[in-house]
Amino acid sequence: MSKATKTVFGRTFLSVACFALIVVVMAIGSMWFNTAQAQESGDAAAPESPPPEGQEYLGTKRCAPCHFEHFMSWKKDKHAKTFELLTKKYEKDEKCLECHSTGYGEATGFKDIKSTPTLAGTTCESCHGPGSIHEEVCKPFAKVKKLTPEQEKIARDSIWLLLPGTICISCHTQKAHQKTETPKELQTKK
Ligand code: HEC
Ligand code: HEC
Ligand code: HEC
Ligand code: HEC
């Protein structure tokens, strides 16, 4: 193996290993979380009940008033800037928008930066799913200081804590990005 091949191999292995670690940590985290939830509700195997269907995408600005801390920490996260990575040249490229915007291709999802600026990038609703009904049912709670357990259940049951399946992997799979390839001129990781 040449030195260059070794370095490339080493880096690829390292990033795959790092990602595998994140996935494992997440899996354990969610197992722990589900167990804690199940114990709380006294139900042995309590998978999260699916939120109502047919919700529309709202964009980050609509989540912010009720989840200000999450909004502020997301703002600092790289996920908030994944649309900017595309640069002007690729900002209308459907091959890229699937992962670098929110809900692209769905009726109320991202269309373009002018008409749907708060759905650009990997926003709240990329990971939690669309939240219009969640917003609707939570509105009466906005002024409540401490929610009753029933109110909290209504609020939590109306949106995913995390979209089911492999939501992180759907964007992060090495294969998927290789399929489209980060254009050479936009690569920062050599
Ligand atoms: C009117 C207020 C309000 C708005 C707007 C709102 N939420 Fe919530 N949300 C709540 C309340 C209340 C809860 C219950 C838990 C808590 O107190 O944080 C909650 C819980 C959640 C949870 C936890 C779900 C669970 O299963 O534990 C997520 C995720 C969430 N919201 C995401 C969002 C997203 C994404 C948006 C924007 C599309 C949004 N929320 C808009 C009030 C709101
Ligand atoms: C399947 C989901 C997916 C698609 C499709 C996709 N990306 Fe990405 N992109 C990602 C993920 C995940 C990352 C961050 C992890 C990484 O660097 O591999 C990323 C990172 C990037 C980066 C930063 C890379 C660097 O070297 O700093 C750029 C630039 C980028 N993508 C541009 C594009 C462009 C342009 C397209 C369309 C031609 C595209 N992406 C399509 C998921 C995707
Ligand atoms: C890259 C994915 C991702 C994005 C983007 C994201 N979140 Fe989350 N969010 C998570 C994960 C992961 C958790 C923790 C889930 C768990 O505990 O298993 C979480 C948890 C939450 C919770 C529940 C906290 C609790 O007390 O139970 C709320 C509320 C929330 N996020 C709101 C938001 C809002 C609002 C935004 C946008 C401003 C946002 N999230 C953006 C992945 C994301
Ligand atoms: C809609 C697509 C999408 C989803 C869903 C998604 N990501 Fe990402 N993620 C990206 C892109 C694109 C980047 C590249 C940001 C950059 O390089 O600036 C990224 C970056 C990251 C990074 C690197 C951040 C840093 O500071 O270096 C981590 C870690 C990460 N994602 C973890 C996760 C986890 C965990 C989940 C699930 C809870 C998740 N992602 C869900 C698209 C996504």
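These notebook entries record what I looked up in a predicted model of a protein chain with bound ligands.

**Entry 1. Overall make-up and confidence**

I began with the secondary structure and found ten helices and zero strands. Reading along the sequence, I noted the pattern α-α-α-α-α-α-α-α-α-α. I then looked up burial, and buried residues account for 15% of the 190 residues in the chain. For contacts between residues at least 6 apart in sequence, I noted that 59% link residues at least 24 apart.

I next turned to confidence. The chain has a mean pLDDT of 80, with 70% of its residues at 70 or more. Over residues 16-45 the pLDDT is below 50, and I found ten contacts in the model for this stretch beyond near neighbours in sequence. Residues 1-14 also have pLDDT under 50, and the model gives them one contact beyond four places in sequence.

**Entry 2. The surroundings of ligand 1**

Which residues come nearest to ligand 1? I found 23 residues around this ligand, and the nearest are Cys63, Cys66, Cys124, Gly131 and Ala155. I then traced the shell to its helices: α2 (60-63), α6 (124-128), α7 (132-138) and α8 (149-156) each contribute at least two residues. By class, I recorded twelve nonpolar, four polar and seven charged residues in the shell around ligand 1.

I followed one of the nearest residues, Ala155, further. Ala155 sits in helix α8. Is Ala155 buried or exposed? I entered Ala155 as partly exposed, because 16 other C-beta atoms lie within 10 Å. Setting aside neighbours within four places in sequence, I found Ala155 in contact with Val137, Cys138, Phe141 and Leu147. For the pair Ala155 and Phe141, 14 residues apart along the chain, I noted a C-alpha separation of 8.7 Å.

**Entry 3. The surroundings of ligand 3**

I then looked up ligand 3, which has 18 residues around it, the closest being His67, His70, Trp74, Cys124 and Cys127. Two or more residues of this shell come from each of α1 (3-41), α2, α3 (68-76) and α6. Which element gives the largest share? I found that α6 does, with four residues.

I sorted the shell around ligand 3 by class and obtained eight nonpolar, ten polar and no charged residues. I also checked the domains: domain 1 (1-47) and domain 2 (52-186) each provide at least three residues to the shell around ligand 3. I set beside this the low confidence noted above, with pLDDT below 50 over residues 16-45. Cys124 is listed among the nearest residues for ligand 1, and Cys124 is also listed among the closest for ligand 3.

**Entry 4. The largest nonpolar core and Gly103**

Which residues make up the largest nonpolar core? I listed eight: Tyr57, Phe83, Leu86, Cys96, Leu97, Phe110, Leu119 and Ala120. I took up Tyr57 from this core and, not counting residues up to four places away in sequence, found it touching Thr102, Gly103, Thr108, Gly109, Leu119, Glu125 and Pro130.

Gly103 led me to the loop between α5 (94-100) and α6. I entered Gly103 as buried, because it has 22 C-beta neighbours inside 10 Å and the cut-off is 20 or more. Beyond four places in sequence, Gly103 touches Tyr57, Thr108, Gly109, Phe110, Leu119, Glu125 and Pro130. The C-alpha atoms of Gly103 and Leu119 are 7.8 Å apart, and these residues are 16 apart along the chain.

**Entry 5. Leu85 and Thr87**

I located Leu85 in the loop between α3 and α4 (87-90). Leu85 counts as partly exposed, because it has 15 C-beta neighbours inside 10 Å. Beyond four places in sequence, I found Leu85 touching His100 and Leu186. Leu85 and His100 are 15 residues apart in sequence, and I noted 8.1 Å from C-alpha to C-alpha.

Thr87 is in helix α4. What is the phi of Thr87? I found it near 60°, a positive value in a residue other than glycine. I looked this up because most residues other than glycine have a negative phi. Thr87 is exposed, because 12 other C-beta atoms lie within 10 Å.

Definitions and conventions. Residues are numbered from 1 along each chain as its sequence is written. Chains are lettered from A and ligands numbered from 1 in the order in which they are written. This is a predicted model: local features need pLDDT of at least 70, side-chain atom pairs count only at pLDDT 80 or more; totals for chains, interfaces and linings use all residues. A residue is near a molecule or strand if its C-beta atom, placed from the backbone, lies within 6 Å of it. Ala, Val, Leu, Ile, Met, Phe, Trp, Tyr, Cys and Pro count as nonpolar, Asp, Glu, Lys and Arg as charged, and the others, Gly among them, as polar. Domain bounds come from an automatic or database domain assignment. A nonpolar core is a set of buried Ala, Val, Leu, Ile, Met, Phe, Trp, Tyr and Cys residues joined through C-beta atoms within 7 Å. Two residues are in contact if their C-beta atoms, placed from the backbone, lie within 7 Å. pLDDT is the predictor's confidence in each residue, from 0 to 100.
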